[in-house]
Protein chains: 2
Amino acid sequence: MLLPYFEMHFMTTRNNCSADLILPLPAQPGTALADVDTPSLLLDLDAFERNLDRMQARANRAGVRLRPHAKAHKCPDIARAQVKRGAVGICCQKASEALPFVRAGIQDIHISNELAGPAKARLLATIARHARVSVCVDDARQVPVLADAARQADTCMTVFVEIDVGQGRCGVSDAEAALRLVEQIARHSGLRFGGLQAYHGGAQHRRARSERRDESARAAERTGAVITRLRADGVHCDVVTGGGTGSVEFDLESGVYTEIQPGSYVFMDGDYGRNEWDDNANFEQSLFIATRVMSVAARTRVVVDAGLKSMAVDSGLPGVRETANAVAPLRYVAANDEHGIIEASDAAALPGLGAQLLLVPGHCDPTLNLYDEIIGMRGQTVECLWPVAARGLSR
Amino acid sequence: MLLPYFEMHFMTTRNNCSADLILPLPAQPGTALADVDTPSLLLDLDAFERNLDRMQARANRAGVRLRPHAKAHKCPDIARAQVKRGAVGICCQKASEALPFVRAGIQDIHISNELAGPAKARLLATIARHARVSVCVDDARQVPVLADAARQADTCMTVFVEIDVGQGRCGVSDAEAALRLVEQIARHSGLRFGGLQAYHGGAQHRRARSERRDESARAAERTGAVITRLRADGVHCDVVTGGGTGSVEFDLESGVYTEIQPGSYVFMDGDYGRNEWDDNANFEQSLFIATRVMSVAARTRVVVDAGLKSMAVDSGLPGVRETANAVAPLRYVAANDEHGIIEASDAAALPGLGAQLLLVPGHCDPTLNLYDEIIGMRGQTVECLWPVAARGLSR
């Protein structure tokens with residue numbers, strides 16, 4: 001699994017430049033944690049594997065299919081690890097995002113989103129020649145665009161009707177509109193109606209578990225009503241897909257979803273960490289940013305080398321992972337473009353020049369999108385480097 | 001200038017996959033604005049060139065050298081345009097960030113920052129074999145690390161002492177500490193003392209012009225005191241470098257700086273746009289994110305295809321560029337990972353499905369860091385695509 005990435009790195013960095021003007025990889029298999037170059041994205045492989053196993057086991061117990069969302073990791077190696085454990089395929093959020101996964105052999109991809117315009121529909125139709133592909137619509141005008149693209153590529157695409165189950169973002173709001181879309185889809189030979197997408201993004205981050213349970217219940221109720229209405233017209237929904245890391249424990253029990261699409265459970269993050277969880281429903285923090293102290297000149301605070309270009313801060317500043325011998329907790333209090341400011345209640349607890357810290361990013365998805373590779377750690381040693389092959393693929 | 005990028009795109013996307021599993025470029029020279037794929041980063045070349053000319057003219061008038069900061073653009077094509085107008089070289093913030101610029105032929109690079117550890121010092125020493133390189137220190141322990149790296153690479157590096165002029169981030173706080181560092185540097189044959197770095201990042205974003213003037217004056221006063229103290233010991237500072245887009249009009253007049261290092265003036269952004277400016281000191285917004293309406297299902301709001309993965313939001317959500325025929329201003333009110341929510345006071349003003357909008361990013365530097373290419377627009381037509389070659393190079 002490693003060789004292609006190293007080869008790729010070697011080839012692309014070797015082109016058109018002196019042999020020594022190459023950025024070395026941040027680590028190699030066997031590198032000790034203390035020697036990993038910074039800032040870098042670390043994955044605790046033990047925690048990661050437990051998260052994958054736990055979600056798959058939970059889906060299996062409920063008899064619901066797991067289709068993890070690849071927008072969280074953007075990494076074909078992780079998608080393969082999910083499929084190997086029983087995932088039926090993956091979700092992507094954009095047509096372009098699907099490309100590296102198809103190239104890596106993932107055979108079943110659901111675009112859990114609407115596509116903005118014919119160029120994206122053409123790209124998806126091209127992908128559909130190599131893999132099983134589905135996509136969402138929430139407007140009748142999207143349907144002929146997909147049909148044209150499928151016809152031109154001489155292929156077939158599965159189309160889901162997205163319904164709004166409480167977020168007020170994408171998706172039609174009532175069963176009549178859903179039915180009209182199903183009828184639209186049926187008019188085109190290159191399109192096949194796949195079922196319903198019913199995802200409530202806003203419900204995932206409600207802090208109280210009871211609020212997430214209630215939101216999930218309302219989403220399931222709305223979805224059930226649409227299913228019933230469609231069935232009355234002879235339309236059967238083979239697949240009902242939705243659910244995220246924050247709501248999945250309830251979605252699985254709802255009896256409505258045939259498929260769940262959580263993404264963040266792979267890594268977790270500071271924001272999900274602030275949610276209230278049932279002990280048995282929790283996943284472990286597996287994703288960290290390795291950073292180093294680059295300046296101690298200010299004395300009452302130290303400066304680390306990871307700032308806004310190394311982490312997303314939309315869900316708050318990162319936490320600092322506590323170490324066993326810490327005198328007092330460290331706080332990451334400000335992010336500049338390339339600098340982070342670390343403070344402690346007791347200045348004696350501040351780390352020294354060159355010390356390595358591990359940060360817990362506030363929001364995993366856009367943080368992953370800043371890195372070219374994930375460094376897989378087994379304990380204190382690097383085991384693998386995985387390219388974030390879909391990084392930046394937002395079209 | 002275009003061919004190498006297109007060739008590179010072709011080569012790297014062609015490897016190891018079916019010929020049709022390639023992501024098309026978002027535009028080609030000659031593409032009309034309305035046909036540019038989204039989300040994409042657009043540069044208004046007319047405004048961009050005026051910004052470059054204006055800053056160079058201002059530096060020339062003051063008799064101060066311009067060394068623009070490449071951390072803002074990460075784009076060798078832009079660095080070349082700056083050097084062609086008279087810039088003496090560029091600043092980078094990280095050793096790795098300098099690599100693509102050296103490969104592109106930029107011959108003079110100042111790392112306006114301390115390096116965290118020996119691996120980065122080794123990389124910089126390697127770069128110093130190909131270009132004139134300088135770097136900052138603010139701790140005696142950083143000096144032998146640089147000296148060792150220079151010796152191993154059989155090269156020489158110029159070292160600046162960074163002084164804290166009010167930000168409380170990096171830099172020594174007094175002249176005695178600066179003097180001790182100068183003495184440290186002098187002990188190593190592979191190192192040469194270059195002068196002082198005196199940069200106040202916090203001063204750049206003070207809203208009131210008078211506050212920025214006062215901060216700049218205080219920074220200049222502090223810097224002047226250190227220069228005087230060093231001179232008393234026979235140490236002459238050939239170069240005093242600092243200043244950013246927000247303070248440069250005052251820094252240029254201070255009589256202290258021999259070199260200014262602004263970066264954002266190339267693009268401007270929402271945050272700088274909220275600063276109060278002297279009319280003659282202002283630069284123009286040249287950077288925009290092109291996005292498209294992908295869902296109108298919610299009716300009272302529309303959803304666009306640019307979210308957290310297409311813009312940095314640390315300095316606020318993006319603005320929406322007003323168009324001549326707008327009924328009411330549009331507001332970007334929420335960013336999800338891949339979705340943006342657009343509202344208007346008058347729902348009749350909401351754009352239709354597929355409509356293209358231009359957004360003004362809140363903070364240009366970390367936004368650039370999300371894109372692989374800048375699309376240069378001449379009016380309503382694409383003129384060029386420039387790779388953001390240093391994107392993601394944060395080590």
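In what order do the eight strands of the open sheet in chain B run? Select chain B of this predicted model and read across: E2-E9-E8-E7-E6-E5-E4-E3, with parallel pairing.

**Stop 1: the edges of the chain B sheet**

Pick out strand E2 (65-66) and strand E3 (90-92) of chain B, which stand at the edges. Each of these two has a single partner strand, so one side of each is left without a neighbour in the sheet. Now step inward to strand E8 (residues 239-242) and strand E9 (residues 259-260) of chain B, a parallel pair held over two bridges. For a residue to click on, take Gly242(B): its bridge partner in E9(B) is Ile260(B).

**Stop 2: the loop after E5**

Next, select Asp138(B). You'll find it in the loop between strand E5 (132-137) and helix H6 (142-152) of chain B. Is Asp138(B) buried or exposed? Count its C-beta neighbours inside 10 Å and you get 28, so Asp138(B) counts as buried; the cut-off for that is 20 or more.

Show what surrounds this residue. Leaving out residues up to four places away in sequence, Asp138(B) touches Glu114(B), Glu162(B), Cys170(B), Gly171(B) and Val172(B), plus Ser295(A) and Ala297(A) from chain A. If you'd like a distance to draw, go from the C-alpha atom of Asp138(B) to that of Gly166(B): they are 28 residues apart along the chain and separated by 15 Å.

**Stop 3: strand E10 and its partners**

Chain B's strand E10 (287-295) comes next. Nine of its nine residues are buried, so E10(B) is largely enclosed by the rest of the structure. Which strands pair with E10(B) in the antiparallel sense? Work through them like this:

- Strand E1 (residues 40-44) of chain B pairs with E10(B) over four bridges. Look for Leu41(B), whose bridge partner in E10(B) is Ile289(B).
- Strand E15 (residues 356-360) of chain B also pairs with E10(B) over four bridges. Here Thr291(B) has Leu357(B) in E15(B) as its bridge partner.
- Strand E11 (residues 302-304) of chain B pairs with E10(B) over two bridges. Ser295(B) stands opposite Val303(B) in E11(B).

Stay with E11(B) for a moment. Together with E10(B) it forms a hairpin, with six residues between the two strands. In that turn, click on Arg299(B), which has a positive phi of about 70 degrees.

**Stop 4: helices H4 and H5 of chain B**

Hide the strands and select helix H4 (95-103) and helix H5 (118-127) of chain B. They pack at an angle of about 20 degrees, with their axes 9 Å apart. H4(B) and H5(B) are therefore roughly parallel to each other, and their crossing is left-handed.

To see where they meet, show side chains on both. H4(B) brings Ala95(B), Ser96(B), Ala98(B), Leu99(B) and Val102(B), while H5(B) offers Lys120(B), Leu123(B), Leu124(B) and Ile127(B). By class, that contact has seven nonpolar residues, one polar and one charged.

**Stop 5: where the chains touch**

Bring both chains back. How many residues does each chain put into the contact? Chain B gives 68 residues and chain A gives 68 residues. On the chain B side, the elements that supply two or more residues are H4, H5, E10 and helix H11 (364-368). Colour that side by class and you'll get 26 nonpolar, 22 polar and 20 charged residues.

**Stop 6: over to chain A**

Now select chain A and find its open sheet of eight strands, in the order E2-E9-E8-E7-E6-E5-E4-E3 with parallel pairing. Its edge strands are E2 (65-66) and E3 (90-92) of chain A, each pairing on one side only. Zoom in on E3(A) and strand E4 (residues 108-111) of chain A, which run parallel and are joined by three bridges. Cys91(A) stands opposite His110(A) in E4(A).

Last selection: helix H7 (residues 175-186) and helix H8 (residues 209-232) of chain A. Their axes are 9 Å apart and they pack at an angle of about 50 degrees, which makes H7(A) oblique to H8(A). The crossing of this pair is right-handed. From H7(A), Ala175(A), Ala178(A), Leu179(A) and Val182(A) meet Ala225(A), Val226(A), Arg229(A) and Leu230(A) in H8(A). That contact divides into seven nonpolar residues, no polar and one charged.

Terms used:
Residues numbered from 1 in each chain as written. Chains lettered and ligands numbered in written order. Predicted model: local features only at pLDDT ≥ 70, side-chain atom pairs only at ≥ 80, totals over all residues. Contact = placed C-beta atoms within 7 Å. Nonpolar A, V, L, I, M, F, W, Y, C, P; charged D, E, K, R; others polar. Axes fitted to C-alpha atoms, helices over the stretch in contact; angles between N-to-C directions. Parallel < 35°, antiparallel > 145°, perpendicular 65-115°, else oblique. Left-handed = near helix turned anticlockwise from the far one by under 90°. Pairing = 2+ DSSP bridges. Buried ≥ 20, exposed ≤ 12 C-beta atoms within 10 Å, placed from the backbone.
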